[in-house]
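Here are a few notes to read alongside the model. I have set them out as numbered points, going from the whole chain down to single residues.

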Amino acid sequence: MKTLLESMAHGCARCMYCDDSRGTDIDHFQPLKLAPLRAFTWDNHLLACSFCNSNLKRDQYPVDAAGDCLLVDPTVDDPADHLYLLLRCGEYDSYSKKGEHTIRVFGLNRPDLVRGRRDAFCLACSKPRDWHNLRQAGDAEAGRLAQALFDSPFVDVVHAMHRLDPRRAEFVVGTHTLPALEHWQSVYGG
Ligand SMILES: [Zn+2]
């Protein structure tokens, strides 16, 4: 099961929650303590790093009054419907109760992740500028550079840039990065 989950994770088998560390554990999304029979349900198993799994989430599984889960479940939910990444400061904000509880339970705004996302944002501005120049020169290195960016930790930063509202893009990435971002979005966005 772990090998299969690793093959589904992005880059070097990153943790499905923090997208930073290597996924070393299998997390039971709905804890077996609450739902022992879900030990046999494939989509209740997610690849997580030991810090997210054992130090943060543990057996937490908040639910609303109707008993529905208040965590973003990556097997059925699109995180972008509940979470909003503030690219320049590296922190997540929420659109919904689910997003709010997800930030709290998984510690998504812990200092190491916030700093890592800020660094990733810096790279996610400079690499597309290089990629833009290489593409215009017809250099095959452009494809390898794009793949390296997609395989890097904090790929959520790259995905947030794909979704960046064109009206805010210049303010967020700056004038010197805007042409490269627009080119990048036309190829990889959507
Ligand atoms: Zn993690």
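1. Overall size. Please keep in mind that this is a predicted model. For a chain of 190 residues, a compact globule would have a radius of gyration near 16 Å, and the 18 Å found here agrees with that. The C-alpha trace spans about 55 × 35 × 30 Å along its principal axes.

2. Make-up of the chain. You will find 8 helices and 4 strands. Following the sequence from its start, the order is α-β-β-α-β-β-α-α-α-α-α-α.

3. Burial and contacts. Of the 190 residues in the chain, 28% are buried. Among contacts with a separation of 6 or more, 59% join residues that are 24 or more positions apart.

4. How do helices H4 and H5 pack? A pair of packed helices is described by the angle between the axes and the distance between them. For H4 and H5 (residues 141–151), the angle is about 160° and the axes are 8 Å apart. H4 is therefore roughly antiparallel to H5, since angles over 145 degrees fall in that class. Their crossing is left-handed.

5. Who makes the H4–H5 contact? From H4 come Ala124, Lys127, Asp130, Trp131, Leu134 and Arg135, and H5 brings Glu141, Ala142, Leu145, Ala146 and Leu149. Sorted by class, these residues are 7 nonpolar, no polar and 4 charged.

6. H4 with H6. Helix H4 (residues 111–136) also packs with helix H6 (residues 155–162), at an angle of about 55° and with the axes 9 Å apart. That angle makes H4 oblique to H6. The crossing of this pair is right-handed. Arg117, Ala120, Phe121 and Ala124 of H4 meet Val157, Val158 and Met161 of H6. This contact has 6 nonpolar residues, no polar ones and 1 charged residue. Do look at Ala124 when you have the model open: this H4 residue takes part in the contact with H6 and also in the contact with H5.

7. Phe40: buried or exposed? Phe40 sits in the loop between strand S1 (25–28) and strand S2 (45–48). Phe40 is exposed, because 7 other C-beta atoms lie within 10 Å and a count of 12 or fewer puts a residue in that class. Phe40 and Arg144 are separated by 104 residues in sequence and, from C-alpha to C-alpha, by 39 Å in space.

8. Ala13. Most residues other than glycine have a negative phi. Ala13 has a positive value, with phi near 50°. You can find Ala13 in the loop between helix H1 (2–8) and S1. With 19 other C-beta atoms within 10 Å, Ala13 is partly exposed; the buried class would need 20 or more.

9. Arg58. Here too phi is positive in a residue other than glycine, with a value near 45° for Arg58. Arg58 belongs to the loop between helix H2 (50–57) and strand S3 (83–86). Its surroundings hold 13 other C-beta atoms within 10 Å, so Arg58 counts as partly exposed; the exposed class stops at 12.

Note on methods
Residues numbered from 1 in each chain as written. Predicted model: local features only at pLDDT ≥ 70, side-chain atom pairs only at ≥ 80, totals over all residues. Helix = DSSP H or I, 4+ residues; strand = E, 2+ residues; numbered from the N terminus. Rg over C-alpha atoms; globule rule 2.2 N^0.38 Å. Contact = placed C-beta atoms within 7 Å. Axes fitted to C-alpha atoms, helices over the stretch in contact; angles between N-to-C directions. Parallel < 35°, antiparallel > 145°, perpendicular 65-115°, else oblique. Left-handed = near helix turned anticlockwise from the far one by under 90°. Nonpolar A, V, L, I, M, F, W, Y, C, P; charged D, E, K, R; others polar.
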